[in-house]
Amino acid sequence: FSGLANNEAFIRTVSEAGCELVHSLSFDDHHRYEGADINKIVQAVTKKKADLLVTTAKDYARNLESQQWPVDLIVLTLEVVFVDKPAFGEYIRQSL
């Protein structure tokens with residue numbers, strides 16, 4: 001599950017990482033997860049007999065850290081690595 005501007009890209013990333021998706025739930029960007037959302041996620045896990053849940057670090061930080069899940073929750077993070085750090089720094093300086 002994810003609440004991003006581009007949920008499809010997240011779903012594609014999870015799939016390309018080798019996960020067999022049995023279901024996905026997409027929420028609006030910056031979504032604040034509430035009880036009904038949690039119930040919807042848990043019901044989907046139960047109905048689809050999912051082995052685990054996958055979400056983003058951004059979504060996990062939105063009120064989900066203390067939530068108990070019926071299966072393991074995997075939180076994906078994003079790491080940005082600059083191949084040419086000095087060139088990127090120069091680009092930023094010129095853009096300001």
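Is Asp29 buried, partly exposed or exposed? With a relative accessibility of 31%, Asp29 comes out as partly exposed; here buried stands for under 20% relative accessible area, exposed for over 50%, and partly exposed for what lies in between (1.4 Å probe, protein chains only). The model is a predicted one, in which local features need pLDDT of at least 70 and side-chain atom pairs count only at pLDDT 80 or more, while totals for chains, interfaces and linings use all residues. Residues are numbered from 1 along each chain as its sequence is written, and side-chain values use heavy atoms, with hydrogens and water left out.

Asp29 also has a charged partner. A salt bridge (a side-chain nitrogen of Lys or Arg within 4 Å of a carboxyl oxygen of Asp or Glu) links Asp29 to Lys58, with 2.4 Å between the closest N and O atoms. Lys58 sits in helix α3 (residues 57-60) and Asp29 in the loop between β2 and α2, so the pair ties together parts that are 29 residues apart in sequence. Helices (H or I, at least four residues) and strands (E, at least two) are DSSP runs, numbered from the N terminus. Lys58, like its partner, is partly exposed: its relative accessible area is 31%, and that of Asp29 is 31%.

The structure holds 2 salt bridges, and the pair of Glu90 and Arg93 is one of them, its closest N and O atoms being 3.5 Å apart. Both residues belong to helix α4, where they are 3 residues apart, about one turn of the helix. Glu90 is partly exposed at 35% relative accessible area, whereas Arg93 is exposed at 55%. Glu90 is also a handy marker for distance: its C-alpha atom is 39 Å from that of Cys19, a residue 71 positions away along the chain. Cys19 itself lies in the loop between α1 (7-16) and β2 (26-27) and is partly exposed, at 34% relative accessibility.

Turning to the inside, the largest nonpolar core (buried Ala, Val, Leu, Ile, Met, Phe, Trp, Tyr and Cys residues joined through side-chain atoms within 4.5 Å) has 13 residues, and Phe1, Tyr33, Ile41, Leu53 and Trp69 touch the most other members. Helix α2 (residues 35-48) gives the most to this core, namely 4 residues. Tyr33 has contacts (heavy atoms within 4.5 Å) beyond its neighbours within four places in sequence, including Phe1, Phe27, Ile41, Asp59 and Leu64.

Strand β3 (residues 52-56) has 4 of its 5 residues buried, so this strand is largely enclosed by the rest of the structure. It pairs with strand β4 (residues 72-76) in the parallel sense over 5 bridges, pairing being called when DSSP finds at least two bridges between two strands. Within that pair, Thr55 stands opposite Val75 of β4.

Two loop residues have backbone angles worth a look. Most residues other than glycine have a negative phi. His30, in the loop between β2 and α2, has a positive phi of about 65 degrees although it is not a glycine, and is partly exposed at 48%. Lys49, in the loop between α2 and β3, has a positive phi near 55 degrees and is exposed at 69% relative accessible area.

Finally, Leu96 is found in the segment after α4 (85-95) and counts as exposed, with 84% relative accessibility.
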